[in-house]
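The following paragraphs lead the reader through one protein structure, step by step. Please keep the sequence and the model in view while reading.

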Amino acid sequence: NLITMCAGEGRDVLPVLAEENSSRPVKAILVEYDETLAQRARTIAQNLQLSEVEVRTADAGTTDTYRDLPLAQVLTVCSVFGNIPVEDMRRTVATLPALLANDGLVIWTRAGHDQSLEVRKVFLDQGFSEMSFSHTTDDTFWVGMNRLAARPAQFSAPQPGTRMPLTCPPCSRACVNTPNCAGKAENGGFV
């Protein structure tokens, strides 16, 4: 079971699922706020014959979006943490255990080494163990993979309607819509 937050067109997961689909289909739910990008993801999934993929046009930043979903064994949070303030990233990571099955994995991305180190630290502080932390050869883009080793001692499930701040402060819309974002919808979403 895979959940992708702020999925865009699904470029992070759909090609991989298509490669794996022949041996073992994966149930995947992609959550995308922008209807245009969500429709593109649906079309791509259909063209790749991924019948186990559901694309939801919904706000990835509220826990209500995930209420009726099974807990994720794999959760991707790609191209998000570079588009929100550090304090919002901390609150988002603190909420992720509510979306994950025991021993669930989170795969996340972040541009910039120093900023990536902060994300890495927050995951460790929230009861995740680090499985992998790697980067591009030019050190501009980092990918982390963390396993939920233990729910934080003071963890309690968020109340319905809890917001994970996956929006950018300037426009208060999903991060794909920020005015200066290279991943805005008219540019095809995040890469």
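D103 is partly exposed, because its relative accessible area of 44% falls between the limit of 20% for buried residues and that of 50% for exposed ones. This residue belongs to strand β5. The model in which D103 is seen is a predicted one. The backbone of D103 deserves attention as well: its phi is positive, at about 65°, although D103 is not a glycine. Most residues other than glycine have a negative phi. A second case is Q49, where phi is near 60°, again a positive value in a residue other than glycine. Q49 is found in the loop that runs between α2 (35-47) and β3 (53-57). Is Q49 buried or exposed? Its relative accessible area is 66%, so Q49 is exposed.

From these single residues we turn to the overall plan. The protein contains four helices and seven strands. Followed along the sequence, these elements give the pattern β-α-β-α-β-β-α-β-α-β-β. The protein has 191 residues, and buried residues make up 46% of them. Its exposed surface amounts to about 9400 Å², of which carbon and sulfur atoms supply 50%. How much of the contact network joins residues 24 or more positions apart? Among contacts with a separation of 6 or more, such residues account for 72%.

Strand β1 is a useful place to begin a closer inspection. It pairs with β2 in the parallel sense over three bridges, and one pairing there joins L2 of β1 to its bridge partner A28 in β2. Strand β1 also pairs with β4, likewise in the parallel sense, over four bridges. In this second pairing, T4 has T76 of β4 as its bridge partner.

In a regular strand the side chains alternate between the two faces of the sheet. Strand β1 can be read with this in mind: L2 and T4 point one way, I3 and M5 point the other way, and all are buried. T4, placed in strand β1, has a relative accessible area of 3% and is therefore buried. Which residues surround T4, once its neighbours within four places in sequence are left aside? T4 is in contact with V13, I29, L30, V31 and T76. The last of these, T76, is the bridge partner of T4 already met in β4.

The loop between β1 and α1 holds G10. With a relative accessibility of 2%, G10 counts as buried. G10 and L30 are 20 residues apart along the chain, and their C-alpha atoms are separated by 7.1 Å. Apart from neighbours within four places in sequence, G10 is in contact with P15, L30 and A41.

The interior can now be considered as a whole. The largest nonpolar core has 30 residues, and those that touch the most other members are L75, F81 and L96. Two or more residues of this core come from each of β1 (2-5), β2 (28-32), β4 (72-77), α3 (86-95), β5 (100-111), α4 (113-125), β6 (128-135) and β7 (141-148). Another core, of 13 residues, lies apart from it and includes L2, L30, A45 and V53. To return to L96: not counting residues up to four places away in sequence, L96 touches M5, L75, V77, V106, F123, F128 and M164.

The model also has open space to examine. The largest pocket holds about 360 Å³ of space. It is lined by 15 residues, and the closest to its centre are L2, V16, L17, V26 and V74. Helix α1 (14-20) and strand β4 are the elements that give two or more residues to this lining. L2 thus belongs to several parts of the account: it is a buried residue of β1, a member of the 13-residue core and one of the residues closest to the centre of the largest pocket.

The final stop is Q159, in the segment after β7. Q159 is exposed, because its relative accessible area is 58% and the class of exposed residues begins over 50%. Which distance in space separates Q159 from T63? Their C-alpha atoms are 8.1 Å apart, although the two residues are 96 residues apart in sequence.

Notes. Residues numbered from 1 in each chain as written. Predicted model: local features only at pLDDT ≥ 70, side-chain atom pairs only at ≥ 80, totals over all residues. Heavy atoms only, no water. Core = buried A, V, L, I, M, F, W, Y, C linked by side-chain atoms within 4.5 Å. Buried < 20%, exposed > 50% of the residue type's maximum accessible area, 1.4 Å probe, protein only. Contact = heavy atoms within 4.5 Å. Areas by Shrake-Rupley, 256 points an atom, 1.4 Å probe, with all protein chains shown as cover. Pairing = 2+ DSSP bridges. 1 Å grid on protein atoms, 1.4 Å probe; cavity = no way out; pocket = protein on both sides within 12 Å on 5 of 7 lines; lining within 4 Å. Points joined across faces, edges and corners; volume = space filled by probe spheres on them.
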